[in-house]
Amino acid sequence: MNIANNIAHIRTQMEQAALAAGRDPKDILLCAATKMNDAEAVRQAIAAGVDCCGENRVQELTAKLAENAYTGKPVHFIGHLQTNKVRQVVGKVDLIQSVDSVRLLQAISKEAERQGIRQDILLEVNIAAEESKSGFTPRELTEVLENLAQFPGVFVRGLMAIPPICQKKTDNHKFFQEMYNLSVDITAKKYDNVRVDVLSMGMSGDFEDAIACGCTMIRLGTAIFGQRNYQ
Ligand SMILES: *Cc1c(COP(=O)(O)O)cnc(C)c1O
């Protein structure tokens, strides 16, 4: 498993997917989903040119921050975040991608205010309306955006989605398309404290489709680091 080779290969695939869709490859950022990979692997990914790192678990984030694993690149939080752990994340990461409930939004805003900062976030959309997943429905999303004045500690930088694993690769097209349309709608509405420059979607199995549908950031784990070892 050679992380640098994997990333070089991914960059080629990203470029081809972008060009095929008539897009500028520079408009799509590569976020390394670093869960279960150690500081050394993270450093290799950064050296090989990923644009940012995304961490899933607070404990791993804290440990790797202490090891200066992310030096030189932004670090994002991309996993489900419990409200009782926001203190360990707010102000420590450049972007919290996975804001999936009003309760969490409230907790993050409050903690950011306490620290005297403004935390950049993405709102996570449950685009396939899956029972098992958290995230805002498109309707709830509108409601939150219209009431952002209640959350002065955050700045919304865009949207994030994790569509379901589909049998056929192209089955996700519909969800990616809906996410893109949502991001266009929101941009057009010019909400206060919102600037939609990130549409984060696409993982190792479907990132080329996500690029075809207009994402501006993909989050890859397996394609960069190989299969995760859950032992
Ligand atoms: C693990 C993870 C990814 C990357 O998944 P791969 O299929 O390994 O590329 C992306 N986003 C989130 C939120 C993840 O937890």
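Student: What makes the pair between Gly221 and the ligand a polar contact?

Tutor: An oxygen atom of the ligand is 2.8 Å from a polar backbone atom of Gly221. A polar contact is a pair of N or O atoms within 3.5 Å. The Gly221 pair therefore counts as one. This is a predicted model, where local features need pLDDT of at least 70, side-chain atom pairs count only at pLDDT 80 or more, and totals for chains, interfaces and linings use all residues. Residues are numbered from 1 along each chain as its sequence is written, and side-chain values use heavy atoms, with hydrogens and water left out.

Student: Which polar side-chain atom lies 2.9 Å from a nitrogen atom of the ligand?

Tutor: One of Arg219. An N or O atom in the side chain of Arg228 is 2.8 Å from an oxygen atom of the ligand. Taken alone, the ligand exposes 390 Å², and the protein buries 88% of that (Shrake-Rupley method, 1.4 Å probe).

Student: How do you know that Ile78 and Met203 surround the ligand?

Tutor: Near means that a heavy atom of the residue lies within 4 Å of the molecule. Ile78 and Met203 are among the residues around the ligand, as are Ala33, Lys35 and Thr222.

Student: Why is the shell around the ligand said to have three charged residues?

Tutor: Asp, Glu, Lys and Arg count as charged. Lys35, Arg219 and Arg228 are in the shell, so the class count gives three charged residues, beside five nonpolar and four polar.

Methods. Polar contact = N/O pair within 3.5 Å; in protein donor to acceptor, adjacent residues only side chain to side chain.
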